[in-house]
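Me: Hello! I have a structure open and would like to learn how to read it. Could you walk me through it?

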Amino acid sequence: LTGIDPYIGSDINRGEFRILNSDLENLVADKYFDCIMFHHSLEHMLDPLQALKLAKGHLSQNGIIIVRIPLVSYAFKKYRENWYSLDPPRHIYINSLKSTEIMVKNAGLKVDTYYFDSGPEQFIVSDAYAKDIAKSEMPNEGYYRKIVRNFISPTYQKLRKNAEKLNEQELG
């Protein structure tokens, strides 16, 4: 298992697990992978199209790329500047499903399958932002414990069911 992170001080090696102080451009040219994952990282890159092209060059013959990114959809339309997935200045690009499909095609790849996995946090944090409460102002230690405790609350269940419905409609 190999990870790359251009912001760590030095390589980390733990047996067969390692994280390289590198980026896709500087990865060894003849290094190939069966699976390359961008888990909420592509939206932080200055050139996500180029990143996908570089990743394609490191795929083994039957390799796949998994991309998880926030998409402009229902929650963005509802919350606009208060949508928590905007996350400026860290999120440089926020795509729609259509723009993601175009980017994937332009990288010489194809979308095999996709699914939506948004959850109730899109409503909880966005509602807080709309009330002018910054994420840094939310109580850290107890905040998420409170969410877990409220997991069975009617409000939380309503938000979770709303997120599931939006995911089914490809709007999550």
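Reply: Gladly. Let us start at the beginning of the chain: leaving out residues up to four places away in sequence, Leu 1 touches Glu 16, Phe 17 and Arg 18. Leu 1 lies in the segment before S1. Please keep in mind that this is a predicted model.

Me: Is Leu 1 buried or exposed?

Reply: Leu 1 counts as exposed, because its relative accessibility is 66% and the cut-off for exposed is over 50%. A distance helps to place it too: the C-alpha atoms of Leu 1 and Gly 15 are 9.5 Å apart, with their positions 14 residues apart along the chain.

Me: How do I get an overview of the chain, and what pattern does it follow?

Reply: Begin with the secondary structure: there are six helices and five strands. Along the sequence, the order is β-β-β-β-α-β-α-α-α-α-α. The C-alpha atoms fill a box of roughly 55 × 35 × 30 Å along the principal axes. Of the 172 residues in the chain, 32% are buried. The accessible surface is about 11700 Å², and carbon and sulfur atoms account for 53% of it.

Me: What share of the contacts joins residues at least 24 apart?

Reply: Here the count takes contacts between residues at least 6 apart in sequence, and 59% of those join residues at least 24 apart. For a single pair, look at Lys 105 and Leu 49: they are 56 residues apart along the chain, and their C-alpha atoms are separated by 9.6 Å. Lys 105 sits in helix H3 (residues 97-106). With a relative accessible area of 64%, Lys 105 is exposed.

Me: Now the strands, please. Which strands pair with S3, and in which sense?

Reply: The general idea is that side chains in a regular strand alternate between the two faces of the sheet. In this structure, strand S1 (residues 2-4) pairs with strand S3 (residues 17-20) in the parallel sense, over three bridges. Gly 3 stands opposite Ile 19 in S3. Strand S2 (residues 12-14) also pairs with S3, in the antiparallel sense and over three bridges. There, Arg 14 has Phe 17 in S3 as its bridge partner.

Me: What do S2 and S3 form, and how many residues lie between them?

Reply: They form a hairpin with two residues between the strands. Gly 15 is in the turn, and its phi is positive, at about 65°.

Me: Let us move on to charges. How many positive and negative side chains are there?

Reply: The chain has 22 positive and 22 negative side chains, and the centres of the two sets lie 7 Å apart. As a general idea, side chains of opposite charge can pair when their charged atoms come close. The structure holds four salt bridges. One of them joins the side chains of Asp 87 and Arg 90, at 2.6 Å from N to O. Asp 87 is partly exposed, with 22% relative accessibility, whereas Arg 90 is exposed at 51%.

Me: Where else can I find a salt bridge?

Reply: Try Lys 110 and Asp 112, whose closest N and O atoms are 3.8 Å apart. Both ends are exposed: Lys 110 has a relative accessible area of 67%, and Asp 112 has 66%. Another example is Arg 160 with Glu 164, where the closest N and O atoms are 2.5 Å apart. These two are four residues apart in helix H6 (residues 154-168), so about one helical turn separates them. Glu 164 is partly exposed, at 36% relative accessibility.

Me: Which side chain of opposite charge is nearest to Glu 43, and how far away is it?

Reply: It is Arg 90, 7.3 Å away, and Glu 43 is buried without a salt bridge. The reasoning is short: a salt bridge needs a nitrogen and a carboxyl oxygen within 4 Å. You will find Glu 43 in the loop between strand S4 (33-39) and helix H1 (48-56).

Me: And what is Glu 43 in contact with?

Reply: Setting aside neighbours within four places in sequence, Glu 43 is in contact with Arg 68, Ile 69, Pro 70, Arg 90, His 91, Ile 92 and Tyr 93. Arg 90 is thus a good residue to revisit: it is in contact with Glu 43, and its salt bridge is with Asp 87.

Conventions
Residues numbered from 1 in each chain as written. Predicted model: local features only at pLDDT ≥ 70, side-chain atom pairs only at ≥ 80, totals over all residues. Heavy atoms only, no water. Buried < 20%, exposed > 50% of the residue type's maximum accessible area, 1.4 Å probe, protein only. Contact = heavy atoms within 4.5 Å. Areas by Shrake-Rupley, 256 points an atom, 1.4 Å probe, with all protein chains shown as cover. Lys, Arg positive; Asp, Glu negative; His and termini not counted. Charge placed at Lys NZ, Arg CZ, Asp CG, Glu CD. Pairing = 2+ DSSP bridges.
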